[in-house]
Amino acid sequence: MAVLTISRQVAAFGDEIAAATAAKIGYRFVTRTDIERRIVELGFPAEKLRRYDEKKPGFFASLTKDRDEYLDYLQTAILENAADGNVILIGRGSFIILEDLPNHLAFRFIAPDEIRLERLKREFNWNDRQALKRIQESDSNRLGFHKSFFNYDSTNPALFHLVINTGMLDVESAAVMIAETVKSTITPEKETAGQRRVDDLLIGQRIVNMLVFDYHLNISFLRAGIKDKKVTLQGIADSTAIVDRAMAIASSELPGYTVESAISVVQDFKAYPH
């Protein structure tokens, strides 16, 4: 059971290679549409997706609670799919969300601008100006998305196990390379450890969702880290009473786990302007 994540430039054949790889090794390919659908199913309003989905939020959108809710739902959707294993996930910061899974491999596809320009012109019958605008907007949005939500530079090659230039390799050759990488690097031991880790991450995310969406606790930037049966809640609250409530709920929901708080209490803290 391996989990593959794909980061790609526009017109670098990311979706095509992901689909070809999935067919070659018998994995599920989770598309952009699949993730969007699951985010909405979990409770995020469909009409608000365009403000956040794989783009840097605008100034006011970045200051609303919707931003954090989108991230919680996104992480839930990514972790759910990763927990099933034998899956390829594309975009949405999945390579960051899953970065510490032992059975995770992250790939990035790039191509020279002039090649991407010609591909877009052929695909959409665009002129140079239209194709260049699409490249610039896409590159800016994807860089801004990863900076805004994860504080990562998605163009940094050190974040990936393999960066493939599709200006030099075709779809089939890239798919073969990925399949061989999976075969040679993912061991049964990594699969077992990866399954344990993703299960912990999913438990942590579901506790966060419960505290925020079901109990409506006013804790900003809430996260739950889990390691060795210990849960650590992190975030910012404006009273110790809210922290105590969160601790009590998490302890009740996770018998057998030790729950501790690293939540900062800041009196009169307001994460979002009114």
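The axes of helix 6 (residues 113-124) and helix 7 (residues 128-150) come within 9 Å and cross at roughly 120°. This model is predicted. Besides this helix pair, the briefing describes an open sheet of 5 strands and helix 4, which packs on that sheet.

**Helix 6 and helix 7**

- The crossing in which helix 6 passes helix 7 is right-handed.
- On the side of helix 6, the contact is formed by Asp113, Arg116, Leu117, Leu120 and Lys121.
- Helix 7 contributes Asp128, Ala131, Leu132, Arg134, Ile135 and Asp139 to this contact.
- Sorted by class, the contact of helix 6 with helix 7 has 5 nonpolar and 6 charged residues, and no polar ones.

**The sheet**

- Strands of a sheet pair through backbone hydrogen bonds, in either a parallel or an antiparallel manner.
- In this open sheet the pairing is parallel, and the 5 strands follow the order 2-3-1-4-5.
- Strand 2 (28-30) and strand 5 (162-165) are at the edges with a single partner strand each, so one side of each has no neighbour in the sheet.
- On average, neighbouring strands of the sheet are turned by 20° against each other, direction ignored.

**Strand 1, strand 3 and helix 4**

- Strand 1 (residues 3-8) and strand 3 (residues 87-90) run parallel and are joined by 4 bridges.
- Valine 3 stands opposite valine 87, which belongs to strand 3.
- Helix 4 (residues 65-84) packs on the sheet and touches strand 1, strand 2 and strand 3.
- The direction of helix 4 makes about 160° with that of strand 3.

Conventions:
Residues numbered from 1 in each chain as written. Predicted model: local features only at pLDDT ≥ 70, side-chain atom pairs only at ≥ 80, totals over all residues. Heavy atoms only, no water. Axes fitted to C-alpha atoms, helices over the stretch in contact; angles between N-to-C directions. Helix = DSSP H or I, 4+ residues; strand = E, 2+ residues; numbered from the N terminus. Left-handed = near helix turned anticlockwise from the far one by under 90°. Contact = heavy atoms within 4.5 Å. Nonpolar A, V, L, I, M, F, W, Y, C, P; charged D, E, K, R; others polar. Pairing = 2+ DSSP bridges.
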